[in-house]
Amino acid sequence: MMIHGPCGNFNMNLPCMKDERCSKKYPRQLIKETQTGDDGYPKYRRRSPEDGGCTAKIYFRGKEIYIDNKWVVPYSPLLSKMFHPHINVEYCKSVKSIKYICKYIHNVSDMAVFGLKKANEHDEVSNYQLG
């Protein structure tokens, strides 16, 4: 599994920390069922240890820290097994999140083209291809 951090009181110097809070909203809230939040993004089921959730002991900067489902990043076990990557996979069903995905996919940098030509040379095909 992919674990975020630990950040916050454990380490204030991580890149995700903005204004003494985690910009990725970790640790997340433990809830019994997946819900749609006020902003349209899903709040995934995160079981507490009393409800069958998992805990793990990690060593961070020489200290033992017990973490639970509050720190788990959403992931796909199938994709993780196939490609061995760090992939964050989330279900996209709200209009706001779909707009974000489209904006993210189609966010391309501007294009600049220059070239040297003779003064009287005119290449209609190149001009058409460059728009």
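The legends below describe close-up views of a predicted model.

**View 1. The salt bridge between Lys-57 and Glu-64.** The side chains of Lys-57 and Glu-64 form a salt bridge, with an N to O distance of 3.8 Å. The structure holds one salt bridge. Lys-57 has a relative accessible area of 42% and is therefore partly exposed. Glu-64 is likewise partly exposed, because its relative accessible area is 44%. Both values fall between the limits of 20% for buried and 50% for exposed.

**View 2. Surroundings of Met-2.** Met-2 belongs to the segment that precedes strand 1, which spans 17-18. The relative accessible area of Met-2 is 15%, so this residue counts as buried, the cut-off being under 20%. When neighbours within four places in sequence are left aside, Met-2 is in contact with Trp-71, Val-72 and Val-73, and also with His-86, Ile-87 and Asn-88. Pro-49 does not appear among these contacts. Between the C-alpha atoms of Met-2 and Pro-49 the distance is 18 Å, and the two residues are 47 residues apart in sequence.

**View 3. Ser-48 in the loop between strands 4 and 5.** The loop that holds Ser-48 runs between strand 4 (42-43) and strand 5 (56-60). Ser-48 is buried, because its relative accessible area is 13% and the limit for this class is under 20%. Residues up to four places away in sequence are not counted here; beyond them, Ser-48 touches Leu-30 and Gly-53.

**View 4. The nonpolar surface patch around Ile-101.** Four residues, Tyr-100, Ile-101, Tyr-104 and Ile-105, make a nonpolar surface patch of about 470 Å². Of these, Ile-101 lies in helix 2, which covers residues 95-105. Ile-101 has a relative accessibility of 38% and so counts as partly exposed. This value is over the 30% that a residue needs to be part of a patch.

**View 5. Arg-28 over the ring of Tyr-26.** The view shows the side chains of Arg-28 and Tyr-26, with the charged end of Arg-28 sitting over the Tyr-26 ring. The distance from this charged end to the centre of the ring is 4.4 Å. For such an arrangement the limit is within 6 Å of the ring centre.

Key:
Residues are numbered from 1 along each chain as its sequence is written. This is a predicted model: local features need pLDDT of at least 70, side-chain atom pairs count only at pLDDT 80 or more; totals for chains, interfaces and linings use all residues. Side-chain values use heavy atoms; hydrogens and water are left out. Patches are made of residues with over 30% relative accessible area and no salt bridge: like charges are joined within 9 Å, nonpolar side chains (Val, Leu, Ile, Met, Phe, Trp, Tyr) within 5 Å. Accessible areas come from the Shrake-Rupley method with a 1.4 Å probe; for residues, only the protein chains shown count as cover. Helices (H or I, at least four residues) and strands (E, at least two) are DSSP runs, numbered from the N terminus. Buried means under 20% relative accessible area, exposed over 50%, partly exposed in between (1.4 Å probe, protein chains only). A charge sits over a ring if NZ of Lys or CZ of Arg is within 6 Å of the ring centre and within 35 degrees of the ring normal. Contact means heavy atoms within 4.5 Å.
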